[in-house]
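Please walk through this model stop by stop, with the viewer open and the sequence panel beside it. Each stop says what to select and what is there.

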Amino acid sequence: MIQLSSYEKAILKGEMGEAKKLAMELIVKIGEIYQAKDLVQVSSAHILGHYGSLHDAGVAFYEKLVQLKASCVIPTTVDPSSLPVRWEEYRIPASYAQKQKRLCKATQKLGVIQNWSCTPYEFGNIPRFGEMLAWAESSAVVYANSVLGARTNRTPAGLDIAAAITGRMPRIGLYLDCNRVGKILVEIAIPKLSDLDYHTIGYFIGKKVGTNIPVISGIPTTCSNYNLKCLGAAAASSGAVSMVHMLGITPEAKMMDPFNGKEPESVFRIANKDLEIIQKEISTPCHFEADIVAIGCPHLSLEELRELYNKLRDKKIKKWIKFWIYTSQSVYTIAQQMGIIQQIEESGAEFQVGTCPVIAPLRYYGFKTMVTNSAKNANVVPSEHNIEVIYTDLATCIKMAVQ
Ligand code: F3S
């Protein structure tokens with residue numbers, strides 16, 4: 001039987017309104033299924049809000065919560081939307097767009113911070129070490145656990161918004177010390193890692209470790225935050241990874257033995273030749289010329305955008321290729337003030353702000369071959385949208401797109 005505080009019992013009895021009661025019923029039910037002893041107090045939520053994943057049931061649930069006058073009691077951000085910029089030009093059915101707009105409206109009414117980004121930890125929702133969170137986006141979950149040292153499970157849709165309006169989650173999974181222990185040692189035996197290598201390593205680790213927590217040695221402590229973000233995103237997409245311990249980087253791995261005094265159950269090494277093989281495997285066979293380049297999965301940070309700006313300077317994108325850059329509203333707004341956006345757009349590249357190449361229904365656009373420097377994107381797009389993929393580094397992505 002799950003232990004509830006008097007506050008939680010009052011919510012469950014409906015003393016704090018129907019919406020909270022409904023959300024608490026859901027949390028308690030899930031807690032009972034997973035045999036949680038009690039609930040944890042979570043200090044922020046990151047929810048899904050894209051129609052492509054939530055479908056009609058998600059729209060109905062969010063609108064019901066609005067009708068019941070629900071409101072987020074903790075800072076709550078939202079993942080990218082399924083509606084790309086200028087969606088009308090790309091044969092997306094109006095009925096689909098309407099559903100996404102209803103979700104946007106419902107999240108506004110619930111008090112969700114309208115960042116529509118998979119990198120909430122960059123702006124708007126930045127947790128501290130040890131904080132308990134209820135985050136849904138798998139790439140952000142890995143980042144929160146592994147780079148920031150906060151604690152969150154890969155919170156499923158429905159439970160994420162329930163946490164946002166009650167501030168509670170069942171104490172299960174990665175909230176518990178015992179489930180944060182490393183099981184597999186991964187030794188990276190590569191002296192100098194390129195930006196693309198971090199994606200490829202993440203993809204490789206995800207395939208190898210499944211649901212186990214890997215402990216990774218050989219990641220330089222001087223690498224950028226976006227390298228870590230990309231490694232985690234790729235690992236979470238090719239496997240069920242929600243946390244990695246990176247020696248010298250992950251706060252818990254700095255403070256204690258990530259194996260908790262035990263020997264690793266298995267050890268594997270990643271050398272240069274492995275990365276070359278995996279990199280080729282991530283691309284699909286391609287029968288058509290590239291017609292879209294997608295950069296920004298996960299959403300580009302300001303730092304990455306500046307790098308892209310420098311690389312695109314004085315270049316012109318071919319007329320028949322779309323060069324789409326995905327980022328958050330916050331990064332876009334600051335970059336606009338820095339004059340970066342205008343300069344990038346002069347090359348012919350376009351911004352897709354607050355949306356995502358995987359979640360937006362690219363299949364309606366008729367694209368045949370995508371070029372991307374994201375292992376997560378390359379891993380998911382072929383099956384999701386029936387588009388062939390070339391996975392390569394940023395310099396080659398640009399080279400293939402410019403005249
Ligand atoms: Fe973000 Fe979409 Fe990639 S949510 S991590 S841009 S698949």
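Select Gln35 to begin; this is a predicted model. Gln35 counts as exposed, because its relative accessibility of 71% is over the 50% cut-off. Gln35 sits in the loop between helix H2 (18-33) and strand E1 (39-41). Check the backbone there: phi is positive, about 55°, although Gln35 is not a glycine.

Next, go to His55, which lies in helix H3 (residues 51-67). His55 too is a non-glycine residue with a positive phi, about 55°. How accessible is His55? It counts as partly exposed, at 44% relative accessibility.

**Domains**

Colour the chain by domain: domain 1 covers 6-177, domain 2 covers 181-281 and domain 3 covers 283-401. Now hide domain 1 and keep the other two. The centres of domain 2 and domain 3, taken over C-alpha atoms, are 25 Å apart. Across the boundary, 16 residues of domain 2 contact 18 residues of domain 3. About 1,300 Å² is buried between domain 2 and domain 3, and carbon and sulfur atoms account for 53% of that area. Which residues of domain 2 lose the most area to domain 3? Select Leu196, Tyr226 and Lys229: together they make up 38% of what the domain 2 side buries.

Stay on Lys229 and show its side chain. Lys229 forms a salt bridge with Glu304, with 2.5 Å between the closest N and O atoms. The count of salt bridges between domain 2 and domain 3 is one. Polar contacts between domain 2 and domain 3 come to 10 residue pairs, both residues of each being at pLDDT 80 or more. To see the secondary structure on the domain 2 side, select helix H7 (195-209), helix H8 (225-238) and helix H10 (272-282). Each of H7, H8 and H10 supplies at least two residues to the side that touches domain 3. H8 gives the most, with seven residues. Coloured by class, this side of domain 2 shows six nonpolar, six polar and four charged residues.

**Helix H5**

Bring domain 1 back and select residues 138-148, which form helix H5. Is H5 largely enclosed or largely open? H5 is largely enclosed by the rest of the structure, because 10 of its 11 residues are buried. The buried residues are Ser138, Ser139, Ala140, Val141, Val142, Tyr143, Ala144, Asn145, Ser146 and Val147. To see what covers them, show strand E4 (133-135), H8, strand E8 (245-246), helix H9 (251-255), strand E10 (292-300) and helix H14 (375-385), which are among the covering elements. H8 has already appeared on the side of domain 2 that touches domain 3. Just after H5, Gly149 takes a positive phi of about 75°.

**Strand E10 and the loop with Thr355**

From the covering elements, move to E10 and find Pro298 within that strand. The peptide bond from Cys297 to Pro298 is cis, with omega near 0°.

Then select Thr355, in the loop between strand E12 (350-353) and strand E13 (369-372). Thr355 is buried, with a relative accessible area of 0%. Its contacts, neighbours within four places in sequence aside, are Pro80, Ser81, Ser82, Leu83, Pro84, Val85, Trp116, His299, Tyr326 and Ala360. Zoom in on Ser81: its backbone oxygen lies 2.9 Å from a polar atom of the Thr355 side chain.

**Last stops**

Select Tyr332 in helix H12 (residues 329-337). Tyr332 counts as buried, because its 15% relative accessibility is under the 20% cut-off. Leaving out neighbours within four places in sequence, Tyr332 contacts Thr327, Ile341, Glu345, Phe351 and Val353. A distance label from Tyr332 to Thr222, 110 residues away along the chain, should read 26 Å between C-alpha atoms.

Finish at Ile387, in the loop between H14 and strand E14 (388-391). Ile387 is buried, at 2% relative accessible area. Which residues does Ile387 contact, leaving aside neighbours within four places in sequence? They are Leu362, Phe367, Lys368, Thr369, Met370, Val381 and Pro382. Label Gly366 as well: 21 residues separate Gly366 from Ile387 along the chain, and their C-alpha atoms are 8.7 Å apart.

Conventions
Residues numbered from 1 in each chain as written. Predicted model: local features only at pLDDT ≥ 70, side-chain atom pairs only at ≥ 80, totals over all residues. Heavy atoms only, no water. Buried < 20%, exposed > 50% of the residue type's maximum accessible area, 1.4 Å probe, protein only. Helix = DSSP H or I, 4+ residues; strand = E, 2+ residues; numbered from the N terminus. Contact = heavy atoms within 4.5 Å. Domains from an automatic or database assignment. Buried area = accessible area lost by both parts, 1.4 Å probe. Salt bridge = Lys/Arg side-chain N within 4 Å of Asp/Glu carboxyl O. Polar contact = N/O pair within 3.5 Å; in protein donor to acceptor, adjacent residues only side chain to side chain. Nonpolar A, V, L, I, M, F, W, Y, C, P; charged D, E, K, R; others polar.
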